[in-house]
Amino acid sequence: MRIFTICFFLIYHIAGSTYGQIAALQPTVPDNVPEYPLSLYRSATKEAQNLYNGRLYYIYDSREDEHQFFIDRKYEKGAVFYDGQRYDSIPMLYDIVKDELVIKHINGFEPIILQTPKVGFFIIYDHNYLNLKSGKDINPEMPTGYYDLIYNGKTKTLARRIKQRQEKINEKKVIALFPQKNFYYVYANGKYNGVHTRKSITRLFPGQKAELRKALREQNIKFRKDRERAIVTMVARYDELTKQ
């Protein structure tokens with residue numbers, strides 16, 4: 001019980017006084033603290049120090065009706081693979097405008113920007129985002145960044161989500177707007193192909209053109225009204241028709 005109390009005191013002291021750079025902190029440890037509980041503390045906080053060692057994030061335009069984040073401006077718990085380690089149940093936000101993954105600091109207040117090169121993937125709202133590099137993981141003309149893996153079958157399909165901050169004047173007040181655009185890519189013929197219309201997909205798979213259209217009719221999906229679901233449905237049907 002004494003060991004647990006000492007460890008808890010140390011963790012509480014660090015968490016309450018940090019401002020974003022946990023790895024840089026040098027807490028003062030009393031001379032009479034036994035080495036064994038101190039080693040337990042260091043072991044327990046080693047991973048947290050690595051995860052929370054990032055720049056502070058400023059949540060801009062926080063009072064506007066629209067926002068810069070994926071789905072919601074509130075923190076959502078998810079998973080992230082960071083610097084070779086997976087972390088679960090992490091409160092996070094995905095800033096689509098800046099293409100940055102933001103997590104809530106361990107002290108519960110300051111948001112932290114994770115270092116993008118160290119992020120392998122993250123999962124939020126049941127969406128799987130991969131950090132893909134242009135010319136290596138994806139086509140050279142596709143920008144490096146986070147892509148939503150919306151279909152993970154043989155014919156992988158990605159969504160690149162973009163928001164651009166815009167402004168309008170309403171009654172002499174500047175209002176920030178964040179319209180979202182989605183770009184879709186289907187892997188076929190050795191590369192990712194941008195698709196936007198039903199025709200652009202059937203052009204990739206001409207031998208299954210009739211069956212792909214039939215798949216949409218069976219589920220009563222209108223391509224223009226539900227583009228993402230339509231693309232996934234067509235690609236999944238293609239995989240089903242061509243499976244070995």
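L149 pairs with L158 in β9 as its bridge partner. That pairing sits in a predicted model, so treat what follows as computed from predicted coordinates. 

Zooming out a little, strand β8 covers residues 145-151 and strand β9 covers residues 157-163. The two run antiparallel and are joined by three bridges. Helix α5, residues 227-242, packs on the sheet and touches β7 (127-132), β8, β9, β12 and β13. The direction of α5 makes about 60 degrees with that of β8.

**The sheet**

What is the strand order in the open sheet of eleven strands? Reading across, it goes β1-β5-β4-β3-β2-β6-β7-β8-β9-β12-β13, with antiparallel pairing. β1 (55-56) and β13 stand at the edges with a single partner strand each, so one side of each is left without a neighbour in the sheet.

**Two residues to click on**

Start with N189, in the loop between β12 (180-188) and β13 (191-195). Is N189 buried or exposed? With a relative accessible area of 67%, N189 is exposed, because the cut-off for that label is over 50%. N189 is 16 residues from F205 in sequence, and their C-alpha atoms are 9.9 Å apart in space.

T202 is the other one, and it belongs to helix α3 (residues 198-202). T202 has 5% relative accessibility and counts as buried, because that value falls under the 20% cut-off. A polar atom of the T202 side chain lies 3.0 Å from the backbone oxygen of K199. Which residues does T202 touch, leaving out those up to four places away in sequence? They are K209 and M234.

Here are the two side by side:

| Residue | Location | Relative accessibility |
|---|---|---|
| N189 | loop between β12 (180-188) and β13 (191-195) | 67%, exposed |
| T202 | helix α3 (residues 198-202) | 5%, buried |

**The whole chain**

As for the overall tally, the protein has five helices and 13 strands. It runs to 244 residues, of which 42% count as buried. Among contacts with a separation of 6 or more, 53% come from residues 24 or more positions apart. On the surface side, the protein exposes about 14,900 Å², and carbon and sulfur atoms supply 50% of that area.

Technical notes. Residues are numbered from 1 along each chain as its sequence is written. This is a predicted model: local features need pLDDT of at least 70, side-chain atom pairs count only at pLDDT 80 or more; totals for chains, interfaces and linings use all residues. Side-chain values use heavy atoms; hydrogens and water are left out. Helices (H or I, at least four residues) and strands (E, at least two) are DSSP runs, numbered from the N terminus. Buried means under 20% relative accessible area, exposed over 50%, partly exposed in between (1.4 Å probe, protein chains only). A polar contact is a pair of N or O atoms within 3.5 Å; within protein, one must be able to donate a hydrogen and the other to accept it, and residues adjacent in sequence count only if both atoms are side-chain atoms. Contact means heavy atoms within 4.5 Å. Two strands pair if DSSP finds at least two bridges between them. Axes are lines fitted to C-alpha atoms, for helices over the stretch in contact, and angles run from 0 to 180 degrees between N-to-C directions. Accessible areas come from the Shrake-Rupley method with a 1.4 Å probe; for residues, only the protein chains shown count as cover.
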